[in-house]
Amino acid sequence: MEHVFPTYARFPFDLVKGEDVYLTDNHDKTYLDFTSGIGVCSFGYSNEIIQSNVQNQLGKIWHISNLYESQIQDDVAAMLCDDDQLAFFCNSGTEANEAAFKLARKYNGKTAVLAFNNGFHGRSYGSMSLTGNPDIQKGFGPLVPDVEFADYNDNEALELIDSHLAAVILEVIQGEGGVYVADQKWLTDIQQACHDNGVLLIIDEVQSGIGRTGKKFAFENFGLKPDIITLAKALGNGIPIGAMIGKKEMIGAFGPGSHGTTFGGNKLAMASAQGVLQQLTPEFLAEVQAKSAKVWQKLETEILPLLSVTEVTGMGLMIGIHLDTTLDVNEVITKLQDKGLLTLSAKHNTLRLLPPLIMDDDKLNEGLDIIKEILQ
Ligand SMILES: *Cc1c(COP(=O)(O)O)cnc(C)c1O
């Protein structure tokens with residue numbers, strides 16, 4: 001690729017076709033997909049409901065500004081929100097976190113936000129400033145002021161939460177940061193400290209949400225009730241979309257003219273999200289939980305004991321296999337590709353697995369067998 005800024009280190013093939021949970025490249029090689037893009041195509045590459053929703057919308061109208069009523073936007077918002085919540089639609093996870101940052105500051109009338117080391121919230125100035133990874137921020141300063149950082153799962157964070165903060169932002173499972181799951185008690189204590197001090201709790205569900213852990217939102221596994229939730233990735237199954245959900249009481253801070261985006265809430269993206277959310281039923285989520293249980297059983301009995309594996313972390317179908325220094329995760333990924341399996345990496349030499357949620361037990365098993373073979 002000679003005409004594109006090399007912001008990505010790309011593998012030397014082009015995935016030109018997708019079918020169900022398989023992808024085919026420009027050399028006609030077919031791969032089993034353990035990536036879903038990066039946690040995006042949870043319903044795979046040929047979901048009929050999403051496809052027909054999008055095609056139907058394509059035939060009517062693709063885009064019109066946000067200057068008019070939009071029934072489909074309100075319908076998708078209703079599918080996402082509880083009665084005490086409202087949604088704002090945008091086009092990416094970065095933008096959802098940007099909206100959350102702005103809403104929190106404006107509503108609370110304070111500027112400081114506490115975020116966490118190894119967290120990832122995006123690459124715009126606002127969301128990058130919330131991202132606890134110096135490699136991502138390097139060379140781009142000065143960043144947005146008044147963002148503080150603490151260690152994830154560390155009780156010192158609790159001492160930093162007082163009334164000077166507008167908000168705390170966190171992922172309940174740090175995705176890019178190495179697929180680390182937060183401790184139940186730590187999360188409950190963070191939420192309590194936020195409540196006690198008038199600090200908003202923002203939970204970034206961009207990667208962990210929309211069924212990835214067998215719940216609509218990963219924070220449900222911990223019984224949390226955030227003030228603001230951000231979403232993107234799997235919400236549109238590949239059509240660009242982001243969403244911020246906030247408590248209705250914040251309505252005054254996001255009135256006409258306060259925030260906006262040309263494409264946010266685009267009807268094509270809404271049609272796609274409607275197809276996703278329509279299928280995210282309690283029965284579907286129960287199936288994800290059941291197949292996850294089998295996957296974790298296999299991870300614990302067959303992958304964790306391998307000499308090169310130090311730890312297996314995650315929840316549901318969001319999985320991190322942590323490799324020791326004898327293996328390089330990128331070399332492992334290349335070897336898995338040779339064997340016809342696509343996987344991802346995360347920070348700290350972690351092999352990250354985000355298979356489509358529709359993948360059946362046999363295929364999940366088959367992928368794990370290939371991983372086992374290569375790690376051996
Ligand atoms: C991917 C990701 C983002 C950024 O989303 P984009 O759509 O790439 O802007 C933000 N937060 C988390 C947790 C993510 O995984």
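The dialogue below looks at helix H2 and at two annotated residues in a predicted model.

Colleague: What should I know before reading the values?

Modeller: Residues are numbered from 1 along each chain as its sequence is written, and side-chain values use heavy atoms, with hydrogens and water left out. Because this is a predicted model, local features need pLDDT of at least 70 and side-chain atom pairs count only at pLDDT 80 or more, while totals for chains, interfaces and linings use all residues.

Colleague: Why is Arg123 called exposed?

Modeller: Its relative accessible area is 57%, and exposed means over 50%, whereas buried means under 20% and partly exposed lies in between (1.4 Å probe, protein chains only); Arg123 is therefore exposed.

Colleague: Which residues of helix H2 are buried, and what puts them on the same side?

Modeller: In H2 (residues 48-58; helices are DSSP runs of H or I with at least four residues, strands runs of E with at least two, numbered from the N terminus), the buried residues are Ile50, Asn53, Val54 and Gln57. They cover an arc of only 90° around the axis, taken from the directions from the helix axis to the C-beta atoms, so they lie on the same side of H2. Glu48 and Gln55, on the other side, are exposed.

Colleague: What do the buried residues of H2 pack against?

Modeller: They pack against helix H3 (71-80) and helix H9 (267-279), where contact means heavy atoms within 4.5 Å.

Colleague: Where do the residues of the UniProt "binding site" lie?

Modeller: The annotation, from an unreviewed entry, covers Arg123 and Thr261, and such annotations may be inferred rather than shown by experiment. Arg123 is in the loop between strand S5 (112-116) and helix H5 (125-129), and Thr261 is in the loop between strand S12 (242-247) and H9.
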